[in-house]
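Please open the model in your viewer and keep the sequence panel visible beside it. The tour proceeds by selections, and each stop explains what is to be found there.

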Amino acid sequence: MLFLTEAEVQELLPIAECIEQMRSAFRALGEGAALNQPRRRLAMPGGSVLHQMAASYRGYFGTKFYSTNPRHGAHFLFVLYEEETARPLALMEADYLGQIRTGAASGLATDLLAPQSASVLAVIGSGFQAKSQVEAVCAVRPIREVRVWSRTQTKRDAFARAMEERIGRPVRALDSAQAAVADADIVATATYSREPVLDASWVKSGAHLNVVGSNQANRREVPTELVRRAACLAVDSVEQARMEAGDLVLALEEAEWEKVKPLSDLVRGPVTGQGMSLFKSVGLAVEDVAAAASVYEKAMKQEKGIDLPILYS
């Protein structure tokens, strides 16, 4: 069984390729050729939590498990298995795996829903998930300017400098979320906030939003008015969104869930209609399996590339 480090996963999983893996995974999910198990959590009295999620896809199955503690951070691991034999194939560190596949799912949603001419991206948040949101959107739309706002000026300034160098186009750190969002074609929220980080009136008509910061039912980054204003509401999984997507759970009445569409439906046909669109991401295990399978296959092909230690044979 192979063991892959964070650095190896990051090298083997470029965002553009991962977006296409997400497209394939959601198509398979819609056709019944992939299975997804919603996240499960085991909460400890002292605040630590164990999270676990599993899925199958294209001859593989696997599980991501990670531990979190509000004072000591998070630790992510993924195990990939061969479906035919149940043989374990790889164990990999999965922090970057989760970051990249989350960005790639947003990239897929953006490709399906955002205007083809979209050229201005606003990002609210400058933490770990914000980076892949920028890279993914830039991979599918002709973005000429990125704007970022987060609560800490030093962090947003550093993020802007690093991302400008990485993507090769202007990235501006602005002094308010409203200034960042004003007239933006695409808006991404990637924060830890419990309450909305923007106002519905700031978002222009026809914009597309990727809302990725929370996978808990009591947290939200966008207000009820903005959710209800969306002409198209998309999620990675309706089942899992009803359990974890606070942005929707706290905004929608029961009957309104009928208009929420999974990416597995949207990826199989043209999306019709105009107006604002919103993709709420909670993160699926099938996304992890698809990303991990790609990493594993590329690692196996690079026999003389990365030095991959063998845990056991």
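A charge is said to sit over a ring if NZ of Lys or CZ of Arg is within 6 Å of the ring centre and within 35 degrees of the ring normal. With that rule in mind, select R242 and W257: R242 lies over the face of W257, at 4.9 Å from the ring centre. Please remember throughout that this is a predicted model.

**First stop: the six-stranded sheet**

Select strands 1 to 6. These six strands form an open sheet in the order 1-6-5-4-3-2, and their pairing is mixed. As background, strands of a sheet pair through backbone hydrogen bonds, either parallel or antiparallel. At the edges of this sheet are strand 1 and strand 2 (34-43), each of which pairs on one side only. On average, neighbouring strands here are turned by 15° against each other, direction ignored.

Begin at one edge, with residues 2-4 and 88-93. Strand 1 and strand 6 pair in the parallel sense over three bridges, and L2 has A90 in strand 6 as its bridge partner.

Next, add residues 73-82, which make up strand 5. Strand 5 pairs with strand 6 in the antiparallel sense over five bridges; V79, for example, is partnered by L91 of strand 6. The two strands form a hairpin with five residues between them, and A86 in the turn has a positive phi of about 65°.

Now move to the other edge and select strand 2 together with residues 49-57, which are strand 3. Eight bridges join this pair in the antiparallel sense, with L35 standing opposite S56 in strand 3.

**Second stop: helix 11**

Select residues 285-301, which form helix 11. This helix packs on the sheet and touches strand 1, strand 2, strand 3, strand 4, strand 5 and strand 6. Its direction makes about 70° with that of strand 3. Helix 11 has 17 residues and reaches 24 Å from its first C-alpha to its last, close to the 24 Å expected at 1.5 Å a residue. Of its 17 residues, 13 are buried, so helix 11 is largely enclosed by the rest of the structure.

**Third stop: aromatic pairs**

How many aromatic pairs does a search of the whole structure find? It finds four, and two of them are shown here. Display the side chains of Y60 and Y296. The centres of these rings are 6.3 Å apart and their planes stand at 75°, so the pair is edge-to-face. Y60 lies in strand 4 (residues 60-69) and Y296 in helix 11, so the pair ties together parts that are 236 residues apart in sequence. Both Y60 and Y296 are buried.

Then display F61 and Y81. Their rings are stacked, at 5.0 Å centre to centre with 5° between the planes. Because F61 lies in strand 4 and Y81 in strand 5, this pair ties together parts that are 20 residues apart in sequence. F61 counts as partly exposed, at 29% relative accessibility, and Y81 is also partly exposed, at 24%.

**Fourth stop: the eight-stranded sheet**

Select strands 7 to 14. These eight strands form an open sheet in the order 9-8-7-10-11-14-12-13, and the pairing is parallel. Strand 9 (171-173) and strand 13 (260-262) stand at the edges with a single partner strand each, so one side of each is left without a neighbour in the sheet. The twist averages 20° from one strand to the next.

Select residues 120-124 and 186-189. These are strand 7 and strand 10, which pair in the parallel sense over four bridges; in strand 10, T189 is the bridge partner of I124.

Turn next to strand 14 (277-280). Four parallel bridges join strand 11 to strand 14, where N210 stands opposite F279. Strand 12 is likewise joined to strand 14 by four bridges and runs parallel to it, with C232 opposite S277. Is strand 14 covered on one face or on both faces? Both are covered: S277 and F279 on one side, and L278 and K280 on the other, are all buried.

**Last stop: helix 3 and S119**

Select residues 95-113. This is helix 3, which lies across strand 10, strand 11, strand 12 and strand 14, running at about 160° to strand 11. Finally, select S119, in the loop between helix 3 and strand 7. At 14% relative accessibility, S119 counts as buried. Leaving aside neighbours within four places in sequence, S119 is in contact with P142, I143, R144, E145 and D185.

Technical notes: Residues are numbered from 1 along each chain as its sequence is written. This is a predicted model: local features need pLDDT of at least 70, side-chain atom pairs count only at pLDDT 80 or more; totals for chains, interfaces and linings use all residues. Side-chain values use heavy atoms; hydrogens and water are left out. Two strands pair if DSSP finds at least two bridges between them. Axes are lines fitted to C-alpha atoms, for helices over the stretch in contact, and angles run from 0 to 180 degrees between N-to-C directions. Contact means heavy atoms within 4.5 Å. Buried means under 20% relative accessible area, exposed over 50%, partly exposed in between (1.4 Å probe, protein chains only). The expected span of a helix is 1.5 Å times one less than its number of residues. Rings of Phe, Tyr and Trp (its six-membered ring) pair if their centres lie within 6.5 Å; planes under 30 degrees apart count as stacked, over 60 as edge-to-face and the rest as tilted.
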